Amino acid sequence: MNYRNKVVVITGASSGIGEAAAIKFAKKNAKVVLVARRREKLLQVQKEISQYTDSAIVCQCDVSDKSQVKEMTDTVIDTFSRIDILVNNAGFVIYGKVSDLTIEEIESQMETNYFGMIYCTKNFLPHMIEQGQGHIVNVASVGASFGVPGVASYCATKFAMLGFSEGLKHELSGTGVDLTVVSPIMVDTPLFDHPSFENFSRHSTIAILSPEKVANTILKAANSSRLEIVVPSVARAGIWAKQNFPFLINPIIGNAFRKQLTKRTSKK
Ligand SMILES: NC(=O)c1ccc[n+]([C@@H]2O[C@H](COP(=O)([O-])OP(=O)(O)OC[C@H]3O[C@@H](n4cnc5c(N)ncnc54)[C@H](OP(=O)(O)O)[C@@H]3O)[C@@H](O)[C@H]2O)c1
């Protein structure tokens with residue numbers, strides 16, 4: 001698709017998948033809005049992509065804060081008078097058993113990963129509907145289809161995102177606005193630098209994807225009529241197997257990830 005001069009808002013653009021997507025959209029001469037909390041990191045990304053696009057702006061914004069999201073939306077609309085693509089990508093994960101996590105730790109993941117997406121969607125959607133054109137790309141996870149021990153509360157945020165996206169996509173039928181979820185498996189990004197992963201063995205995880213590969217899928221998703229694109233596509237087979245044969249697949253997932261969880265807890 002031709003993304004030249006399209007206004008693309010990317011949350012979580014200061015790092016990982018969001019940063020890689022910002023670079024790819026900029027290379028297509030899109031107008032890119034970089035959203036995250038760390039202004040310095042956003043300015044670095046802005047500097048990097050300024051060689052590809054003359055229109056990249058930085059919006060420091062905590063997506064879990066409704067008023068900051070409203071302010072960010074106003075800035076985008078005041079600057080560009082429109083929004084073509086919204087990539088809801090900001091997110092984080094806290095590792096640990098539900099019995100060990102605080103309620104606040106569980107809430108905070110939902111506030112950013114799910115409600116952050118809701119606030120951005122609610123603020124930009126009326127503009128897209130008025131334009132009769134637009135695409136929302138929600139970055140979920142393969143964890144939107146598997147409840148995994150150690151990241152149960154994170155998976156819940158992504159299950160919620162996927163369910164919301166499916167319902168909203170139906171509602172948008174005929175409006176010219178569409179929505180696609182991108183669900184990657186493990187990606188090599190700073191997501192796992194959170195202190196809760198301190199004793200988590202990276203060797204036992206399969207960090208198989210580069211952020212660039214997921215970013216390519218985000219660009220594809222922004223012009224797709226599909227509800228969900230799983231990356232890599234072969235992981236779709238695992239989701240299918242789990243949905244059709246949960247009594248076979250759930251024990252395998254449970255055993256594999258519980259072992260890791262036990263290791264982590266015993267190292268404490
Ligand atoms: N890495 C994986 O294996 C993997 C797999 C499946 C799905 N995902 C999803 O992919 C998305 C991007 O993650 P990543 O892997 O690229 O990790 P990352 O490198 O840690 O990037 C996360 C981004 O989200 C931003 N962010 C976090 N909380 C925020 C908040 N409250 N407000 C605004 N921005 C916030 C961070 O920026 P600031 O800290 O500057 O705010 C950062 O730019 C996440 O939604 C994650 O759940 C990742």
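**Notebook: a surface patch, two cores and helix 1**

I began at the surface of this predicted model, where Trp 240, Phe 245, Phe 247 and Leu 248 form a nonpolar patch with about 470 Å² of accessible area together. I then looked up Phe 247, which lies in helix 8, residues 246-267, and I noted it as exposed because its relative accessible area is 60%, where exposed means over 50%.

I turned next to the interior and found that the largest nonpolar core has 35 residues, and that Ile 10, Phe 25, Val 32, Leu 34, Ile 49, Val 87 and Ile 218 are those with the most contacts inside it. Helix 1, residues 16-27, gives the most to this core, with seven residues. I also recorded a second, separate core of 33 residues, which includes Val 35, Cys 61, Met 117 and Met 128.

For Val 87 I listed the contacts, leaving aside residues up to four places away in sequence, and among them are Val 8, Ile 10, Phe 25, Val 139 and Ile 218.

I went back to helix 1 and asked myself how many of its twelve residues are buried. Nine of them are, so the helix is largely enclosed by the rest of the structure; the buried ones include Gly 16, Ile 17, Ala 22 and Phe 25. Their cover includes strand 1 (7-11), strand 2 (31-36), helix 2 (39-49) and helix 6 (211-221).

I checked the length of helix 1 as well, and it reaches 17 Å from its first C-alpha to its last, close to the 16 Å expected. Just after helix 1, I noted that Asn 29 takes a positive phi of about 65°.

Terms used. Residues numbered from 1 in each chain as written. Predicted model: local features only at pLDDT ≥ 70, side-chain atom pairs only at ≥ 80, totals over all residues. Heavy atoms only, no water. Patch = residues over 30% accessible without salt bridge, like charges linked within 9 Å, V, L, I, M, F, W, Y side chains within 5 Å. Areas by Shrake-Rupley, 256 points an atom, 1.4 Å probe, with all protein chains shown as cover. Salt bridge = Lys/Arg side-chain N within 4 Å of Asp/Glu carboxyl O. Helix = DSSP H or I, 4+ residues; strand = E, 2+ residues; numbered from the N terminus. Buried < 20%, exposed > 50% of the residue type's maximum accessible area, 1.4 Å probe, protein only. Core = buried A, V, L, I, M, F, W, Y, C linked by side-chain atoms within 4.5 Å. Contact = heavy atoms within 4.5 Å. Expected span 1.5 Å × (residues − 1).
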